[in-house]
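Open the model in your viewer and set it to a cartoon view. Keep the selection tool ready for a short walk from the whole chain down to one pocket.

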Amino acid sequence: MRFRYSTTDPSQSELDSLPRLPLVLRYGKQVINAVGLVDSSATVNVLPYGLGIQLAAVWDDQKATIRLAGNLGEIAAQPLFPMAEIGDFPPFRLAFAWSRSDDLPLIRGQMNFFMEFDICFYHSQLEFEIKQNPTSRQAS
């Protein structure tokens, strides 16, 4: 499946486009549509606080913590495991570091998004392609 790079603001030029991917997240009975950055340099998937709240997750119910790295190192994070749907691919569980901040985008990173999908970036064409990893545990 191929997707176009996109911007977050109509005033931005095409040169500001990044690989953003729409998906549906399900947690309990809650369902939300979201768009997030596909970031091959990110170690983990990151979910902004407000999206976790929209999924009816409760911050105080979480027992484990995750230490984010780099410029996100000061932000508290906890694990959250919603089901995700992208296009016609079968639903799969995404492991997120649910952050205590809305000052960052939804990010798909190495653990576990890039384990579920093979990604090819065609930056010169402002497109990227995702294919389900045939060795994924959820690729049945």
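The tour below goes from overall shape to fold, then surface, then pocket.

**Whole chain.** Start with everything selected. This is a predicted model. Along the principal axes, the C-alpha atoms fill a box of roughly 45 × 40 × 25 Å. How does the radius of gyration compare with that of a compact globule? The chain has 15 Å, and a compact globule with 140 residues would have a value near 14 Å, so the two agree.

**Fold.** Colour by secondary structure next. You should find 2 helices and 12 strands. Now trace the chain along its sequence. The pattern reads β-β-β-β-α-β-β-β-β-β-β-α-β-β.

**Contacts.** Stay with the whole chain and turn on contacts. Take those between residues at least 6 apart in sequence: 56% of them join residues at least 24 apart.

**Surface.** Switch to a surface view. The accessible surface comes to about 8000 Å². Carbon and sulfur atoms account for 51% of that area. What share of the residues is buried? Of the 140 residues, 44% count as buried, with under 20% relative accessible area as the cut-off.

**Largest pocket.** Select Ala42, Thr43, Val46, Ala69 and Leu72. Among the lining residues of the largest pocket, these five lie nearest its centre. The full lining has 14 residues. About 260 Å³ of space lies in this pocket. Which classes of residue make up the lining? Colour by class to see 9 nonpolar, 3 polar and 2 charged residues.

Key:
Residues numbered from 1 in each chain as written. Predicted model: local features only at pLDDT ≥ 70, side-chain atom pairs only at ≥ 80, totals over all residues. Heavy atoms only, no water. 1 Å grid on protein atoms, 1.4 Å probe; cavity = no way out; pocket = protein on both sides within 12 Å on 5 of 7 lines; lining within 4 Å. Points joined across faces, edges and corners; volume = space filled by probe spheres on them. Nonpolar A, V, L, I, M, F, W, Y, C, P; charged D, E, K, R; others polar. Helix = DSSP H or I, 4+ residues; strand = E, 2+ residues; numbered from the N terminus. Rg over C-alpha atoms; globule rule 2.2 N^0.38 Å. Buried < 20%, exposed > 50% of the residue type's maximum accessible area, 1.4 Å probe, protein only. Contact = heavy atoms within 4.5 Å. Areas by Shrake-Rupley, 256 points an atom, 1.4 Å probe, with all protein chains shown as cover.
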